[in-house]
Amino acid sequence: MERRTDSPYPRRDRPVLAIIGVLLVVSTVLFVRSDRMRDFWYYQYTFKQMVAEKLGEEKARSVPTGLQQIWVPALRRADRCVTCHQAVSWKGFETADEPYRTHPREPIRNHPIERFGCTPCHGGQGWAVDTYEAHGQVAHWEEPLLSRGLGEEYSLADDTNALLQMNCNVCHRYDRETKGMEAINHGKALLKDKGCRACHVINGRGGTIGPDLTNVGDKAPEQYDYTRMYGQRTAFAWHVAHFKEPRALISDTVMPNFHLTTKDAQALAMLVLSWRRASVPAEYVPGAPRTDPVTAEEAHVEQEMKTGPGAWFVKTGCFVCHSIGVFGVKSPAQIGPDLSNAVEDVQSRFGKTIDDFLANPTGTMSVVLSRQIILSPGQKQEAIRNLRAAFAEYQRQKEEGARRGGASKLQGSH
Amino acid sequence: MSDLANPAKPSAPGVHPEPLWSLRPESDRASGDAVVSNFLLHWFPAKALKASLDWNYSMWLGTISAALLLLLVLSGMPLLFLYVPSVERAYQTVKDIEYVITFGSWIRSVHRLAAHLMVAAVALHLARVFLTGAYKNGSGRGQKREWNWVLGVAMLLLTLFLSFTGYLLPWDQLAYWAVTVGTNIASSIPFVGPKIRELLLGGRVIEQSTLIRFYVLHIVALPGLLGVLFVYHMWRIRKDGGLARADREALLRERAEVAPAPTKTYTLLGIARGTAPTIRASSVEAADATVNAVPDLTRRAAIVNFGTIAILSIMAVFIRSPLEEPANALVTPNPAKAPWYFLWLQEIVTDTTLHIGSFTINGALIGGVVLPGLLVTLLTLWPWLDRSPAGAAGVWFAKDRRTQNLVFILLAVVIVAFTLIGTFCRGPYWHFYWPWQVWPEIPGRI
Amino acid sequence: MIKDRRDFLLKLGTGCGIAALGAQAGASLRSLVPNVSYDAPTTVKLGLPAEYPDGLKFLPDERLFVFREGNTFHAISAVCTHLGCTVRAEALSQVVTTTVEGAPLRMTHKFMCPCHGSAYSGDGGNVSGPAPKPLAWFHLSVSPDDGQLIVDLAQEVGRDFRLTVG
């Protein structure tokens with residue numbers, strides 16, 4: 001047998017290696033377990049039971065499981081709230097407890113979650129999937145859920161759920177008044193009444209006695225002076241206290257005391273904190289024009305044409321190329337001849353009646369009537385009827401013109 | 001079939017019938033064959049000194065550092081796929097890793113803990129090498145342990161720089177301001193400082209250019225360089241005849257002069273000439289002093305590697321990685337702190353601003369550049385400045401090196417103290433707070 | 001082959017170790033399988049069935065024609081198969097009832113593409129012009145949560161597809 005060096009190590013080391021093997025297995029079990037034990041599995045299971053009970057097994061089977069996400073690239077939000085709050089779009093759970101409650105119809109009708117996500121309105125941390133992190137109730141997340149609970153902590157007068165409106169105003173900032181934003185509307189009304197712009201620049205214009213408030217909602221909370229403040233040290237609390245008595249917080253201020261009620265001060269604080277430098281994409285700005293504007297006169301003329309005697313020509317689209325002067329229909333393009341005297345014009349140009357022409361059009365009209373404007377036989381009859389009516393009017397007007405012209409001739413020319 | 005009582009004899013020299021024979025060699029010759037035939041084992045010697053294997057001597061800190069490096073590379077792989085180095089997307093991808101990627105939070109924790117522990121392990125390894133005087137040459141001829149020491153110092157700096165570049169990548173407030181502090185210290189180097197800062201940042205402000213530079217440094221340039229130096233470091237150990245303790249073992253035996261072998265001189269670039277280092281033959285052949293490297297050395301290496309992986313994996317389940325608010329150039333967090341391994345620097349920077357009459361010498365220069373520069377230079381050159389005899393190499397707290405060991409320990413304690421002060425005693429506005437004093441609450445928005 | 005207890009423990013330990021390390025490697029790979037989708041959703045809610053009149057409704061944002069006949073719905077894409085323009089529906093002078101792929105179909109419109117003149121019949125079949133294929137039919141369903149119609153723009157169906165709304 002070949003030489004084999006004796007070594008004390010195997011007896012000592014092998015058990016250690018075995019223990020390490022066990023530790024490796026333990027670590028695997030631990031990290032797999034930590035990944036599986038998430039809150040949302042429980043909530044999803046419970047919701048499925050609720051749907052099965054209320055709406056049947058088949059609907060319960062269609063409830064998705066696992067992580068759910070609403071990705072809104074325009075607002076750069078990936079909101080995973082619907083992983084737990086699955087009932088948001090389900091009809092029938094309006095009175096359930098959260099997170100199994102249907103979302104109220106009104107606000108979501110104009111703000112569908114596919115387009116807005118959840119966090120632009122409600123705040124919170126959309127990235128997260130665990131309860132406290134998702135509600136923003138952790139360190140290093142500055143946008144907490146603007147919930148009724150938070151409103152109750154601040155003893156909001158009137159509606160404890162009003163804090164949410166701060167986020168509404170990020171987009172609705174330049175509205176005078178918005179339905180559903182009572183607190184903010186109240187704040188904006190106060191802004192006008194109390195003349196804040198006399199001393200402060202707000203939304204880009206105003207006086208310079210006090211600081212510019214256009215983006216004051218972005219001011220870091222540490223930059224406020226809390227030395228003379230009692231209670232919660234938050235920017236919101238500071239503003240409420242400041243509105244109620246400016247001199248209490250800043251002893252040498254020239255801002256007068258406006259004798260505001262708590263409700264007023266809170267409304268203004270919400271308004272002021274909503275003034276932030278947020279890049280709102282154009283398609284999300286309410287009231288932003290989607291097309292070039294129409295003047296009042298243009299609108300009036302359009303209305304007349306749509307309801308006047310030439311309305312049929314407007315509805316079918318004939319007026320795009322043809323004016324019908326006698327009915328007051330003016331074509332924007334005026335490519336083709338005026339149809340007021342089409343009856344005789346078609347005859348003289350093509351040697352056909354309008355009936356024949358519409359049955360067998362030539363030239364441009366053959367292209368238009370085969371591709372652009374398809375008229376059923378009934379519609380063609382109506383076209384002829386309308387053209388004849390136009391021609392009748394044309395003849396009547398010609399007669400009247402001749403009479404008047406003749407009358408003036410009788411009266412002597414100038 | 002063979003069993004332990006009757007191992008099969010190889011049918012011919014070098015032919016081994018048992019599968020996986022190289023991991024469980026049954027004789028000394030098979031053990032020697034193993035390091036030649038198995039690529040994974042090729043960097044081990046055939047025989048290892050029992051003294052070198054001692055847990056108490058080296059505490060295997062070097063192996064721990066290497067294991068942590070391996071873990072960093074392995075955990076960095078999935079992160080490479082999941083993280084996007086763009087200022088618009090970086091934060092979001094890290095949030096995704098934390099919340100929606102399966103095992104993402106754990107992988108990130110492994111990576112972060114391995115990074116922090118590697119800095120600590122490398123520092124401890126350096127301390128061990130210094131305190132045992134293992135940078136000194138012993139009884140061998142042609143040894144160049146002092147260069148291995150320089151390699152080690154270089155690898156320490158690389159480790160710190162790797163950690164620093166990785167720190168920026170999440171692009172949160174912690175990252176952004178830590179890099180601001182760090183690069184501002186760099187810019188206080190006279191003459192070249194601002195240029196260095198501009199080179200690091202890719203401009204004048206910390207923006208996309210900075211992020212992509214730090215990213216490429218972190219994933220390609222620095223790990224590549226560290227890998228090369230690591231390989232060189234290992235090669236030098238073999239060339240120097242093993243750990244410094246091995247020389248010491250040889251000193252205790254009878255001197256038996258062996259003529260230097262004129263064959264096979266291995267050099268890095270093949271341009272050196274000379275003979276192979278002379279190892280006292282007695283130390284290699286002393287039966288009671290050595291064991292087969294395979295499997296005894298490899299088993300211990302496996303223990304250290306897998307043990308590190310196991311312990312770190314378990315720690316990562318319980319210790320989550322922080323992520324602060326998204327980086328905001330307009331709001332400085334209060335206080336803004338450098339990563340812990342630079343906190344001692346930040347502390348002395350704040351303490352060393354000198355006012356001489358109307359002149360102010362910036363603390364960043366003295367505390368941030370001069371002092372650490374001096375320390376690093378001293379550290380690097382110490383093997384040449386050390387005057388102790390060769391017999392002091394490979395011994396813990398050798399009498400001949402008492403003074404330098406004490407000074408080293410003192411400096412280390414001071415650095416650790418500054419780190420602790422910076423961590424626990426510096427609050428908002430960098431005011432000093434005793435550990436039992438409460439820091440003022442940072443106000444929130446609502 | 002297990003030789004004795006020592007060998008068994010060794011093999012057990014090694015097996016466990018390899019399994020554990022394999023699991024860790026597997027974890028790295030599993031982390032690369034996405035759990036959430038950043039793609040634009042292909043299913044779109046189209047409103048309640050009650051909001052759809054008998055006949056044809058054109059949805060410009062989804063480029064889709066939704067047809068209703070009593071309680072039966074089907075949806076035809078308005079994307080021309082030639083180069084992707086949106087086709088126009090033109091009322092037929094006479095309603096044509098025919099059988100398409102085994103199912104009866106009441107065709108009230110035909111489709112024409114304004115870009116290069118491709119023409120399609122009422123069931124989407126390409127009859128003239130450069131269009132290489134018929135217009136696609138898409139899958140319709142009713143959303144279980146609020147009863148809206150849902151079109152799946154990633155799921156093409158045959159021309160015998162009908163959604164019957166309860």
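This report describes interfaces, salt bridges, one sheet and one buried aspartate in a predicted model.

## Contact between chain B and chain A

Chain B contributes 48 residues to its contact with chain A, and chain A contributes 56 residues. The area buried between these two chains is about 4,600 Å², and carbon and sulfur atoms give 61% of it. Within chain B, the residues that lose the most area to chain A are B:Y99, B:R445 and B:I446, which together account for 22% of what that side buries.

Two salt bridges are counted between chain B and chain A. In one salt bridge, the side chains of B:R300 and A:D13 meet at 2.9 Å, N to O. Polar contact across this interface involves 14 residue pairs, with both residues at pLDDT 80 or more.

On the side of chain B that touches chain A, the elements giving two or more residues are α1 (28-37), α2 (50-53), α5, β2 (290-292) and α13 (293-318) of chain B. The largest share, 13 residues, comes from α13(B). By residue type, this side of chain B divides into 24 nonpolar, nine polar and 15 charged residues.

## Contact between chain B and chain C

The contact of chain B with chain C takes 17 residues from chain B and 13 residues from chain C. About 1,300 Å² is buried between chain B and chain C, with 62% of that area on carbon and sulfur atoms. Of the area that chain B buries against chain C, 28% is supplied by B:R24, B:V100 and B:T102, more than by any other three residues.

The count of salt bridges between chain B and chain C is zero. Six residue pairs are nevertheless in polar contact across this interface, both residues of each pair being at pLDDT 80 or more. The elements that give two or more residues to the side of chain B touching chain C are α4 (61-82), α5, α6 and α13 of chain B. This side of chain B divides into ten nonpolar, four polar and three charged residues.

## Salt bridges within chains A and B

Over all chains, a search of the whole structure finds 32 salt bridges. The table gives three pairs, each within a single chain.

| Residue pair | Closest N to O distance |
|---|---|
| A:R38 and A:D130 | 3.4 Å |
| A:D158 and A:K263 | 3.2 Å |
| B:E98 and B:R108 | 2.6 Å |

The salt bridge of A:R38 with A:D130 spans 3.4 Å between the closest N and O atoms. A:R38 lies in the loop between α1 (9-36) and α2 (39-55) of chain A, and A:D130 lies in the loop between α6 (119-122) and α7 (131-134) of chain A, so the pair ties together parts that are 92 residues apart in sequence. Both A:R38 and A:D130 are buried.

The side chains of A:D158 and A:K263 also meet in a salt bridge. A:D158 lies in the loop between α8 (148-153) and α9 (165-171) of chain A, whereas A:K263 belongs to helix α13 (residues 262-273) of chain A; the pair therefore ties together parts that are 105 residues apart in sequence. A:D158 counts as exposed because its relative accessibility is 65%, while A:K263, at 35% relative accessibility, counts as partly exposed.

In chain B, B:E98 forms a salt bridge with B:R108. B:E98 is in helix α5 (residues 90-99) of chain B and B:R108 is in helix α6 (residues 104-131) of chain B, ten residues apart. B:E98 and B:R108 are both buried. A network of salt bridges with shared partners joins A:E143, A:D218, A:R276 and A:R277.

## Sheet and buried aspartate in chain C

In chain C, four strands form an open sheet in the order β5-β6-β7-β8, with antiparallel pairing. The edge strands, each pairing on one side only, are β5 (88-100) and β8 (126-128) of chain C. Strand β7 (residues 119-120) of chain C is joined to β8(C) by two bridges, and these strands run antiparallel. C:Y120 stands opposite C:N126 in β8(C).

C:D146 is located in the loop between β9 (137-142) and β10 (149-157) of chain C. C:D146 has a relative accessible area of 7% and is therefore buried, the cut-off being under 20%. The side chain of C:D146 makes polar contacts with the side chain of C:K45 at 3.3 Å and with the side chain of C:Q148 at 3.0 Å. Not counting residues up to four places away in sequence, C:D146 touches A:S89, A:K91, C:K45 and C:L48.

Definitions and conventions: Residues are numbered from 1 along each chain as its sequence is written. Chains are lettered from A and ligands numbered from 1 in the order in which they are written. This is a predicted model: local features need pLDDT of at least 70, side-chain atom pairs count only at pLDDT 80 or more; totals for chains, interfaces and linings use all residues. Side-chain values use heavy atoms; hydrogens and water are left out. Two strands pair if DSSP finds at least two bridges between them. A salt bridge is a side-chain nitrogen of Lys or Arg within 4 Å of a carboxyl oxygen of Asp or Glu. Buried means under 20% relative accessible area, exposed over 50%, partly exposed in between (1.4 Å probe, protein chains only). Contact means heavy atoms within 4.5 Å. Buried area is the accessible area (1.4 Å probe) that two parts lose on being put together, summed over both. A polar contact is a pair of N or O atoms within 3.5 Å; within protein, one must be able to donate a hydrogen and the other to accept it, and residues adjacent in sequence count only if both atoms are side-chain atoms. Ala, Val, Leu, Ile, Met, Phe, Trp, Tyr, Cys and Pro count as nonpolar, Asp, Glu, Lys and Arg as charged, and the others, Gly among them, as polar.
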